[in-house]
Amino acid sequence: MASQAPLRFKGNFFADPEFFRTDVTKGVTKTPTGCRIITLPSEFLIGFRDALIYECGGSYRQIMKSTGRRWGTQFAKRLERELSSFYQTPFKELPEPIIRTCLAEAFRAHGYGHLSFATVLEHAEFVLAEVRNPLLPALIRESDRTSDLLMAGMLGAVLAHLTGKPLDAVQTECPSLGADRSRFLIGPGSVVAELEEWINEASQMPSHKAILRHLAQHNSLSNGSIAETSNTETENLVGAQAQSEEMSP
Amino acid sequence: MMNTWLTDIIRTTNEALFNEADLTRIMTYYASMPARLKLSEELERLEPTLVKSLQTELSKRYPDRSLYSRRFIQDIVESLRCVNRAVLADDLRLLRYRWIDHVLDVATAANIDLQEIRDAYLSLREILQSSLPRSAWETLEPAYEELLDALTRSPKTLTV
Amino acid sequence: MICKIILQSKAPYLTPQERAEIESYLSTVKARRAALEEVRRNVGKIVERTVARIRTMYPQMARFHQNGYEKTQRDLGMITNLTANAMFLGEHETLDEMFTEWFRTIMKAVHLTPQLLKDSYGFWLDEMKAALSEESFALMRPHAEHVADYLTRIPVPARDEVGERVPVSSSHGAESWKF
C-alpha cells in the first residue's frame, strides 16, 4: 500500500453525528454517499453461525471465512469510493499511514471494533492486525479454536483489494480463547494457507508466539528472525526470550 | 455515532417537556449564537488569505521543515471549518472526534513530530489573533486552545 | 432547528440561507419559551377536555380497549409535550424520527379508524386554541397540525375497534384544521 502521495489531513470522514441517517418512514439507513446500512443484532450473528455449524459441520469455518472475504471485498470497494471522493485522490494511492488510519476509523464507525496495525516481518509482506472489542468473539465467549473467521476473511480481502495482491489472513489470537484482543496475520495467500493447515492439524490451538516462530522458520522470504514492529516498540520473538506482550500503541 | 449535548437533551427528555435546567442551558447557548455566527462569517471571509499568510510565516520560521507543504498548510487552514462547526454546536467533542483524534492517529502512524503540527497551529493562531475582531477571537479561543493542548499529549494519554 | 442546520450543513461554513434561518429562529426563541411554559401550565386541561369530547363521541370505545380512555389521556399528554418541544426547537423532523412514525404504527395496530383520529385531533387543536394565548397557539399550530396530519393518515381497518360514532352538536370544525 506504499505511496509517494503527500500526506493529507482531512479529518475523520466517519466522525459525523449524521453519518448514518435513517428515514424512519422507509425504514432505511444510509451513509452520506447513499450506501444502505443495516444493523445486524447479535442474535442474527449467533444464529447464522449456529446454522452454519449445524448444516455444514466442520466446514463451517471455511464457509464463514469465505463469507468474510466476500464481505471484505465489497466493504473495501465502498470505502475506496467514499474516501477517494473525500480525498479527491484514489484511496489506494494515499500514503499508508492515511489508509491505515481511515481503515481503523471505518471499523470504529461501523462497530467492528478497534483496529490497529503493526508490521510483523521486515522485508516480508506480512502485517499484524489487532482488533480490540471484536464483535464475534464477544458473542462466542469460549471456544477451543479461534472464532473470528468472518473478520479473518474480511481483513484479508480488504488488504488484498487495496494492495492488488493475493493476500489472506489467519487469526492467531482470540478473546474466545482468553486473549484480550483478536490478532490476525495478513500476508500472501499461499503462506497463510500453509499456516492455517499447520494450525488446524495441531491438537491444540498454538499460541500467537508459536505461530510467529513457525512463520519465521518456514517463511522463505525472511532471514529466520522476526522483528515485530509496532509504532512505538520493537520485539524480537525468535532466538531470544520474548521481552514483552505489548504489541501496539 | 456521538450526539451533541443538545441532541442528548432532546433524546433523554423524550416524552416529557424540557425541564428548567435544560431550558436554561439551551437559552444560554442560544444567547451566544450571534457571536458564534459572527465567528463563522469572519473565518469564512479570512480563509482565502490564510493559506498564503501561514505559508509565508512558516517558511520564514521553519525553512527546513518538509512537513509544511502547501497541501499540508491548506489542510491546516481548512481544519478551521471543523473547529468552527464545534464552536457553532458548542460541543468540542465534534472537534475531537472529527479532527484531533484523526491528526494524532495519522501523526503516530506516519512518525510525525506532533510539535511540528503544533507549531503550524501556533503560527496560525498569531495570524488569527491579529486578523479576527477581538470578540470573534474570544469566541474561537477555547476550541483553539483545546486543539493546541491535544497536540502536546501523546495518543496514549488523550482522553475523550 | 439549530442543531439540525449545523450538523447537516454541507457547506464549509454555513450558507447565507442557513445563517438566515438560524437568525430568524433565534428572533422567536423568547416567544417559544413562553409558549412552552404556557403548554406546561395547560396540558392537563387540554388533554382532559379533549378526552371528554372523545368519550362523548365514541362512548363504546372502552368495550374494545381496556382502559382505552385512560390510555388516550396518557398518549395525548405525551403528544402535547412532544409537540411543544418540537415547537420550541422550531422543527418537527426530530419528533418524526423519534416518535410520530412509530406512534402511527401503533394506531394502525390497535385498529383505530382515520375518522376517530381526525375527530380526536380536531378536538385537541380546538382545546389547545381555547387554552393557550393567541401568540402561543400560533407557534404551536404548524407543529400540532403536522402531528395530527401524520397520525391521521392510516388506512381504514378491515374491522375497526372504536364502536359507534355519535355526532355531537358542538362538533369541532375539523375542516378548519390543516389535516
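**Exercise 1. Find the partner of Glu93(C) and give the closest N to O distance.**

Glu93(C) forms a salt bridge with Arg21(A). Their closest N and O atoms are 3.0 Å apart. A salt bridge here is a side-chain nitrogen of Lys or Arg within 4 Å of a carboxyl oxygen of Asp or Glu. Across the interface of chain C and chain A, the rule finds two salt bridges. The elements giving two or more residues to the side of chain C that touches chain A are helix 1 (2-8) and helix 6 (93-109) of chain C. Helix 6 of chain C gives the most, four residues. Helices are DSSP runs (H or I, at least four residues), numbered from the N terminus.

The model is predicted: local features need pLDDT of at least 70, side-chain atom pairs count only at pLDDT 80 or more, and totals for chains, interfaces and linings use all residues. Residues are numbered from 1 along each chain as its sequence is written, chains are lettered from A and ligands numbered from 1 in the order in which they are written, and side-chain values use heavy atoms, leaving out hydrogens and water.

**Exercise 2. Describe the interface of chain C and chain A by residues and area.**

Start with contact (heavy atoms within 4.5 Å). Eight residues of chain C are in contact with six residues of chain A. Next, take the buried area (accessible area, 1.4 Å probe, that two parts lose on being put together, summed over both). Chains C and A bury about 570 Å² between them. Carbon and sulfur atoms hold 53% of it. Now split chain C's share: Leu7(C), Glu97(C) and Glu101(C) supply 65% of the area that chain C buries against chain A.
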